[in-house]
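Thank you all for coming. Before I begin, please take a moment to look at the sequence and the structure on the screen.

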Amino acid sequence: MIRRALVKDVKEIKSLNDRYREEGNLLPRSLTDIYENVRDFFVIDEDGKIGGCVALHVVWEDLAEIKSLVIDRDFRKKGYGDRLFLTAMSEARDLQVADVFALTAIPAYFTARGFKEIDKSVLPHKVWAECVKCPKFPDCDEVAVKANVSEWFATYGAKFGTEEVA
Ligand SMILES: CC(C)(COP(=O)(O)OP(=O)(O)OC[C@H]1O[C@@H](n2cnc3c(N)ncnc32)[C@H](O)[C@@H]1OP(=O)(O)O)[C@@H](O)C(=O)NCCC(=O)NCCS
């Protein structure tokens, strides 16, 4: 099942992030950071085993970021990535956030799911406060991708269906 993360999941979320950080070019996340933002996270819970996570972080009145989308290797190719992706989009819709963006090393994953590449410089300065923590800063090789939430659901909602969050 997919459910909201609980405080007890934080260490496993960090472990997922650490294990696949290199593969996904993910921003390192400290335990403090994850505890403070635990309400952003959703996890896959299969009989108590955490198989993946995603976070939706609200940035501003009209903008949220999809972060930390990771699926454990044993859980891949089962559609969990798309289910978590849809969960994050649904959360954005429920919060009535207009646009969602991601900074990613695999833009093709997002563009195949209706996101468009954008110039990073159009993102609000607030986003860069976190980038300063990245070891690669200021030589960022991530690509920014963005989608309008209502347009996304109008076009892709039927394809992705609905996701029940426990
Ligand atoms: C990307 C990821 C979340 C996908 O998980 P998953 O859905 O279980 O993976 P699957 O193997 O079932 O692949 C699902 C889809 O993702 C696509 N995908 C997987 N890895 C990809 C990559 N590196 N680049 C582009 N697309 C990728 C697959 O092509 C597939 O697309 P399709 O459904 O159109 O055929 C997972 O590979 C992962 O955790 N990677 C490491 C961390 C990462 O890169 N996160 C994204 C950072 S923003």
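Let me start with one detail: which residue in S7 is the bridge partner of Ile118? I should say at once that this is a predicted model, and in that model the partner of Ile118 is Ala144 in S7. That pair belongs to the contact between S6 and S7, two strands that run antiparallel and are joined by three bridges.

From there we can step back to the sheet. Seven strands form an open sheet, and if you read across it the order is S1-S2-S3-S4-S5-S7-S6, with mixed pairing. The edges are strand S1, residues 2-4, and strand S6, residues 116-118, each of which pairs on one side only. On average, neighbouring strands of this sheet are turned by 30 degrees against each other, when direction is ignored.

Two helices that pack on this sheet deserve a look. Helix H4, residues 80-94, touches S1, S2, S3, S4 and strand S5, and its direction makes about 160 degrees with that of S4. Helix H7, residues 149-160, also packs on the sheet, where it touches S5 and strand S7, and its direction makes about 75 degrees with that of S7.

Next, the pairings, taken along the sheet. S2 and S3 run antiparallel and are joined by six bridges, and in S3 the residue that partners Phe41 is Ala55. S4 and S5, by contrast, run parallel, with three bridges between them, and here Leu63 has Asp99 in S5 as its bridge partner. On to S5 and S7, which run antiparallel and are joined by six bridges; Asp99 appears again in this pairing, with Asn148 in S7 as its partner.

Since S5 has come up several times, how many of its six residues are buried? The answer is six of six, and the strand is described as mostly covered. In general, the side chains of a regular strand alternate between the two faces of the sheet. In S5, Asp99, Phe101 and Leu103 point one way, while Val100, Ala102 and Thr104 point the other way, and all of these are buried.

Let me turn now to the start of the chain and to helix H1. Its buried residues are Val10, Ile13, Leu16 and Asn17. Seen down the axis of H1, these buried residues fall within an arc of 120 degrees, and so they line one face of the helix. The general background is that an α-helix has 3.6 residues a turn, so residues three or four places apart point the same way. As for what covers the buried residues of H1, the list includes helix H2, helix H3, strand S2, strand S3 and strand S4.

Among those residues I would like to pause on Asn17, which lies in H1, residues 10-19. Why does Asn17 count as buried? The reason is that its relative accessibility is 2%, and buried means under 20%. Leaving aside residues up to four places away in sequence, Asn17 touches Leu26, Leu27, Pro28, Arg29 and Ser68.

Finally, a word on the second largest pocket, which has a volume of about 150 Å³. Its lining includes Gly114, Phe115, Lys116, Lys146, Trp152 and Tyr156, and Asn148, the partner of Asp99, is also among the lining residues. The elements that give two or more residues to this lining are S7 and H7, and H7 gives the most, with four residues.

Methods: Residues are numbered from 1 along each chain as its sequence is written. This is a predicted model: local features need pLDDT of at least 70, side-chain atom pairs count only at pLDDT 80 or more; totals for chains, interfaces and linings use all residues. Side-chain values use heavy atoms; hydrogens and water are left out. Buried means under 20% relative accessible area, exposed over 50%, partly exposed in between (1.4 Å probe, protein chains only). Contact means heavy atoms within 4.5 Å. The arc is that of the directions from the helix axis to the C-beta atoms. Two strands pair if DSSP finds at least two bridges between them. Axes are lines fitted to C-alpha atoms, for helices over the stretch in contact, and angles run from 0 to 180 degrees between N-to-C directions. On a 1 Å grid over the protein atoms alone, a cavity is a set of points where a 1.4 Å probe fits but cannot get out, and a pocket is an open set with protein on both sides within 12 Å along at least five of seven lines; lining residues have an atom within 4 Å of a point. Grid points are joined across faces, edges and corners, and a volume is the space filled by probe spheres set on the points.
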